[in-house]
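Hi,

Here is the structure I promised to pass on. Please have a look at it first, and then read my notes below.

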Amino acid sequence: MSTPATIIVVDDDAGIRTVVRQALQRAGHLVRTTDNATGMWKLIEEGVGDVLVTDVLLPDANGLDMIPLVTARRPDLPVIVMSAQNTLSTAVRATEQGAFDYLPKPFDLNELTRTVQSAFESKGASNRSQSHADDGEALPMIGRSAAMQEVYRTLARVIPTDLTVMVLGESGTGKELVARALHDLGPRRTGPFVAINMAAIPRELIETELFGHERGAFTGAAARSTGRFEQAQGGTLFLDEIGDMPMDAQTRLLRVLQSGEFMTVGGARALKADVRIVAATHKDLRRLIDAGMFREDLYYRLNVVPIRLPPLRGRREDIPELARHFLDRATAEGLPRKTLDASAVAWLMEQSWPGNVRELENAMRRLAALARDEQISAAVAELWIARADLPAERAPAPDQAVAAGGSLEALVAQWLQRNVADGARPPEDGLYDRLLAEFERPLLETALLLTRGNQLKAAKLLGVNRNTLRKMLTDRGVEPQTGRGVEPHTGRGRNG
Ligand SMILES: Nc1ncnc2c1ncn2[C@@H]1O[C@H](COP(=O)(O)OP(=O)(O)OP(=O)(O)O)[C@@H](O)[C@H]1O
């Protein structure tokens with residue numbers, strides 16, 4: 001049994017007070033609860049409590065703002081913050097304000113008891129000193145899923161340190177964003193942030209890119225060049241796609257990490273490396289080690305604090321907020337404002353997003369730029385997102401998209417202008433039939449697209465019999481494929 005301690009629990013939610021009380025009592029602690037800051041201050045003034053566990057949003061105060069005041073009054077009282085406002089901002093602010101730890105709600109009660117125990121054991125040396133607190137500053141990472149909470153908690157802990165961080169995750173999951181957050185929110189933020197992507201530089205140039213070279217170090221080295229290590233002095237060096245680093249460069253990097261010094265290629269002087277290293281990869285480094293392509297000793301040097309970013313399909317609940325964020329950003333960049341209706345949000349959440357957040361970001365920009373209506377439905381989202389992934393020659397003609405995207409009047413006017421304006425002769429088969437024929441094709445194609453080529457469903461959607469649909473497809477030259485793709489609409493109206 002652990003040593004009994006008195007824990008103050010502050011939360012205005014009676015349910016939370018009860019479960020937390022029970023869990024802590026089961027762990028052998030004494031518990032005092034209160035539902036507001038006033039009650040908490042009373043206990044603190046009385047000298048009660050070994051650990052304080054508080055919610056952020058209290059009826060009469062903000063839990064984060066109170067931490068420095070609590071620490072000033074009772075420097076020996078560690079504060080653990082619980083919050084349902086699960087942003088990176090809350091995690092970072094809790095750390096900055098000097099919280100012992102931060103627990104995003106909902107949390108695991110075992111984790112709470114473990115955290116309370118370690119806070120109690122470290123009493124006295126507990127509340128961290130404040131660094132900087134930039135209130136309300138917009139923080140870059142979106143997403144409140146449980147998976148991202150873990151990321152934020154780790155980030156908040158390592159931001160104030162110089163520890164080497166290894167960011168792992170599929171392409172487009174935000175690895176570079178994490179590296180930037182580590183830099184921008186940490187003590188080196190006034191220094192440079194220098195990124196180098198191992199996969200983007202020819203292998204034979206990586207060493208000189210990293211460490212620079214002296215004049216005459218090799219044929220063609222007409223002048224001394226500074227490497228990224230030197231450029232990043234006093235700041236952060238982001239080594240992206242570290243799994244693509246050639247062996248020679250790995251050996252050299254390892255030496256730098258061991259000695260804290262580096263030498264330029266062909267140089268005799270050792271320069272001090274005052275650089276925080278953040279590395280990232282989407283590759284499985286363990287596999288590379290087994291295959292003899294990555295140095296195990298370097299791996300351990302770099303993998304001091306691993307941060308694993310979840311793929312987007314593993315945190316679908318973040319998709320609505322991310323999608324809206326990217327649409328807002330597109331608007332801020334001057335593209336038309338778009339909103340997603342419920343069907344569009346549901347459709348976005350169903351997709352697998354192999355390109356992760358980057359793919360979602362690009363899809364939202366495409367919608368903002370190309371979809372006609374302000375409100376986006378699932379059908380429009382699918383048209384612009386699913387079909388845009390088709391090879392270029394199969395991509396939809398804009399007219400088709402407009403037909404599906406709404407504003408039919410605009411399209412008719414446009415068609416008429418193009419086909420019969422300027423006194424051009426009306427088409428031989430008459431304007432009415434011609435116009436219907438022009439519209440029938442994208443209508444059929446879109447119906448097939450939405451039903452993924454299922455003719456029965458497409459016929460039902462259109463309200464026509466299956467044989468009628470077949471005939472229409474033949475008449476209009478639409479290929480009744482299964483699957484998403486249908487032949488692009490290349491037909492242009494004939495001017496008589
Ligand atoms: N949580 C997030 N909130 C907001 N934007 C995000 C988030 N994660 C990623 N992004 C955005 O998605 C894009 C891709 O992110 P980033 O470049 O950091 O991914 P990456 O994992 O480094 O990709 P790669 O491995 O392909 O280099 C960027 O534009 C980034 O701003």
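**The cores**

In this predicted model, the largest nonpolar core has 81 residues, and V53, I80 and L155 are those with the most contacts inside it. Helix α6 gives the largest share of this core, six residues. Domain 1 (6-139) and domain 2 (161-310) both contribute residues, so the core lies between them. If you would like a place to start looking, try V53: I7, I8, V9, V20, I80, M82 and V116 all touch this residue, leaving aside residues up to four places away in sequence. Another core lies apart from that one; it has 33 residues, including L312, V357, A371 and L444.

**A covered helix**

How many of the nine residues of α4 (residues 88-96) are buried? The count is nine of nine, so to speak a full set. Among them are the charged-name positions R93 and E96, along with L88 and V92. The cover over the buried residues of α4 includes α3 (63-73), β6 (79-83), β7 (101-104), α6 (146-158) and α7. After α4 comes G98, with a positive phi near 100°.

**Around the ligand**

The ligand is surrounded by 16 residues, the closest being I142, G174, K175, E176 and V357. Two elements give two or more residues to this shell: α7 (175-184) and α15 (356-370). By type, the shell divides into four nonpolar, seven polar and five charged residues. Domain 2 (161-310) and domain 3 (312-389) each supply at least three of its residues.

Best wishes

Key. Residues are numbered from 1 along each chain as its sequence is written. This is a predicted model: local features need pLDDT of at least 70, side-chain atom pairs count only at pLDDT 80 or more; totals for chains, interfaces and linings use all residues. A residue is near a molecule or strand if its C-beta atom, placed from the backbone, lies within 6 Å of it. Helices (H or I, at least four residues) and strands (E, at least two) are DSSP runs, numbered from the N terminus. Ala, Val, Leu, Ile, Met, Phe, Trp, Tyr, Cys and Pro count as nonpolar, Asp, Glu, Lys and Arg as charged, and the others, Gly among them, as polar. Domain bounds come from an automatic or database domain assignment. A residue is buried if 20 or more other C-beta atoms lie within 10 Å of its own, exposed if 12 or fewer, and partly exposed in between; C-beta atoms are placed from the backbone. Two residues are in contact if their C-beta atoms, placed from the backbone, lie within 7 Å. A nonpolar core is a set of buried Ala, Val, Leu, Ile, Met, Phe, Trp, Tyr and Cys residues joined through C-beta atoms within 7 Å.
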